[in-house]
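Visitor: I am new to this structure and would like to learn how to read it. Please take the features one at a time.

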Amino acid sequence: MTGPSVPRGERSAGDGPRGERSAGNGPRGEGSAGDGPRGDRAGDAGRFAGGDRSRDRGGAERGGRRGDGPPREGRFGADRRGGPRRPVRPVVDLPRQVAYQAIAAVHRDDAYANLVLPALLREEGLSGRDAAFATELTYGTLRHTGTLDAIITDAAGRDVARIDPPVRDALRLGSYQLLHTRVPAHAAVSSTVDLVRSVGPGATGFANAVLREVAGRDADGWVAKLAPAEETDPIGHLALAYSHPQWIVRAFAEALGGDLRETARLLIEDNERPPVHLCARPGRADPVALADEVGGAPGAFSPYAVYLSGGAPGELAAVADGRAHVQDEGSQLVANALAVAPLDGADGRWLDLCAGPGGKAGLLGALAAERGARLTAVEVAEHRARLVAQATRGLPVTVVHTDGRTVGADPKLPEGHFDRVLVDAPCTGLGSLRRRPESRWRRQPADLPPLTRLQRELLTAALRAVRPGGLVAYVTCSPHTVETHVTVTEAARRCGFPVDFVDARPLLPAGMPGLGDGPTVQLWPQRHGTDAMFLAVLRRG
């Protein structure tokens with residue numbers, strides 16, 4: 001294997017008559033989170049440690065500074081200050097400018113692409129093909145940043161870290177167009193040089209030379225030149241070929257039993273546009289009828305899933321009126337597994353110990369309503385607790401704003417009280433990298449120790465909260481074995497209660513492939529089309 005196996009000409013979502021526009025999944029399809037506005041809460045340990053790191057950072061939702069490029073009116077010769085119309089040199093087209101501003105905000109402000117890009121699209125009034133093109137450029141550039149940086153370093157003859165940040169982001173954007181879209185090389189180079197003229201005027205000649213060097217090879221050619229040999233360094237080869245940090249590639253390979261071919265398929269899937277899934281809420285919407293209503297299709301596995309072909313799911317009437325919510329099919333499957341697991345005795349008191357932003361709580365609340373049960377949804381971050389309350393409005397759900405580890409100390413969370421408990425633990429989010437392209441570059445191995453300690457503490461609290469004979473489902477959106485098998489095994493060993501593992505495979509739909517040997521289950525994008533969700537079900541003795 002010398003690089004990505006997908007032909008260059010097939011990597012853009014669609015070119016249309018102008019050859020430079022990607023039809024895509026609609027302006028916000030890329031940013032659709034797996035479990036609501038923020039997905040599966042990748043890396044929320046800060047919420048439990050005296051701070052809420054998931055809050056907006058430095059105006060990140062607004063994107064780049066508006067001074068990063070010429071005023072829009074100036075493109076057409078009108079002077080904002082009221083001066084006469086005059087001929088001007090065309091500037092960068094608006095979709096590329098928006099993509100640049102989003103990418104710059106991610107790197108400069110630590111912004112989240114799924115928040116900053118929709119805000120910029122609304123602000124600039126972009127829709128349809130232009131919005132899809134901006135989305136393709138933003139997410140594609142962010143996904144491929146690692147490999148693009150290696151290529152730019154070689155082409156520039158200097159480390160990419162020594163390039164001025166605005167120019168560096170413009171070069172990343174231009175290089176992505178050259179290597180991963182059907183945008184003609186001359187258009188990619190000239191538009192990027194124009195962009196550099198507006199953000200780093202002294203570097204236009206440098207940018208032109210670098211981009212022309214980049215254009216001298218296709219993506220596979222650059223991989224062949226720069227990647228370590230597959231025979232001697234397979235992890236390093238995969239990391240550069242498919243633009244993932246080496247430690248993540250190594251973790252994926254370990255979780256897949258050392259199968260490097262399947263690891264490559266997973267990395268390829270991480271670089272694809274993620275599907276948008278809806279959850280038809282039980283008792284409120286029929287998935288087949290909902291699929292007809294939204295122009296989608298019923299899901300392959302979850303009885304509540306609907307696949308969308310594109311568009312902005314938040315604008316659907318079914319989402320607005322609470323009949324459905326945006327949720328990855330894997331998240332639906334693991335939440336439903338807890339609800340369908342056989343249970344002896346009382347079954348009216350359910351608990352979601354880490355509920356924000358509310359996707360799984362919404363599904364469990366709807367299922368509880370059908371069965372005469374009630375769900376207590378716990379969330380430590382105040383603004384996320386409000387999201388849970390919004391997501392579960394009208395359902396038999398009580399939202400408690402507290403730390404889930406206070407079981408036994410908080411009168412609202414008594415020990416041995418609940419029949420079914422979900423622990424959707426904060427994690428690295430390595431299972432949803434296709435939805436959060438910037439996450440792969442932000443996460444570090446050093447993030448694991450505090451996260452896994454928090455995961456063990458939350459799971460131990462859940463085992464205290466459940467009654468004898470009751471069930472606990474431990475869920476993470478990460479396949480990293482330290483966050484999955486090691487965390488579950490250690491928590492069960494240390495909790496002080498007898499604990500039995502329940503085989504989770506029969507709790508998922510019959511016929512699902514690739515569920516392994518049990519008793520836990522790991523879902524995969526390349527096998528199941530879902531985020532890489534892990535599920536362990538434990539019964540307290």
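Visitor: Is P525 buried or exposed?

Guide: Buried means under 20% relative accessible area, exposed over 50%, and partly exposed in between, with a 1.4 Å probe and protein chains only. P525 has a relative accessible area of 4%, so P525 counts as buried. The model is predicted: local features need pLDDT of at least 70, side-chain atom pairs count only at pLDDT 80 or more, and totals for chains, interfaces and linings use all residues. Residues are numbered from 1 along each chain as its sequence is written, and side-chain values use heavy atoms, with hydrogens and water left out.

Visitor: Where does P525 lie, and what is P525 in contact with?

Guide: Helices (H or I, at least four residues) and strands (E, at least two) are DSSP runs, numbered from the N terminus. P525 belongs to helix 20, residues 525-528. Contact means heavy atoms within 4.5 Å. Setting aside neighbours within four places in sequence, P525 is in contact with L266, E269, R434, T530, D531 and A532. I268 is 257 residues from P525 along the chain, and their C-alpha atoms are separated by 9.8 Å.

Visitor: R434 and D531 both appear in that list. How far apart are the closest N and O atoms of their salt bridge?

Guide: A salt bridge is a side-chain nitrogen of Lys or Arg within 4 Å of a carboxyl oxygen of Asp or Glu. For R434 and D531 the closest N and O atoms are 3.2 Å apart. This pair links distant parts of the chain, 97 residues apart: R434 is in the loop between strand 8 and helix 17 (439-442), and D531 is in the loop between helix 20 and strand 12 (534-540). Both R434 and D531 are buried. A network of salt bridges links these two with D328 and R435.

Visitor: How many salt bridges are there by this rule?

Guide: The count is 28. One of them joins D347 to R420, with the closest N and O atoms 2.9 Å apart. Here too distant parts of the chain are linked: D347 sits in the loop between helix 14 (329-340) and strand 5 (349-352), while R420 is in strand 8 (residues 418-424), 73 residues away. D347 has 24% relative accessibility and so is partly exposed, whereas R420, at 3%, is buried. Another salt bridge pairs E490 with R493, at 2.7 Å between the closest N and O atoms. E490 and R493 are about one helical turn apart because they are three residues apart in helix 19 (residues 482-494). R493 is exposed, with a relative accessible area of 57%.

Visitor: What does the side chain of H277 reach?

Guide: H277 is in strand 1, residues 276-280, and is buried at 3% relative accessible area. Its side chain reaches the backbone nitrogen of E329 at 2.9 Å. Among the residues in contact with H277, beyond four places in sequence, are V306, Y307, D328, E329 and G529.

Visitor: How many residues does the largest nonpolar core have?

Guide: In soluble globular proteins, nonpolar side chains tend to be buried together. A nonpolar core is a set of buried Ala, Val, Leu, Ile, Met, Phe, Trp, Tyr and Cys residues joined through side-chain atoms within 4.5 Å. The largest has 52 residues, and those with the most contacts inside it are V98, L171, L179 and V214. Helix 1 (94-109) and helix 5 (165-180) are among the helices that each supply at least two residues. Helix 1 gives the most, with nine residues. A second, separate core of 41 residues includes C279, V334, A341 and A368.

Conventions
A polar contact is a pair of N or O atoms within 3.5 Å; within protein, one must be able to donate a hydrogen and the other to accept it, and residues adjacent in sequence count only if both atoms are side-chain atoms.
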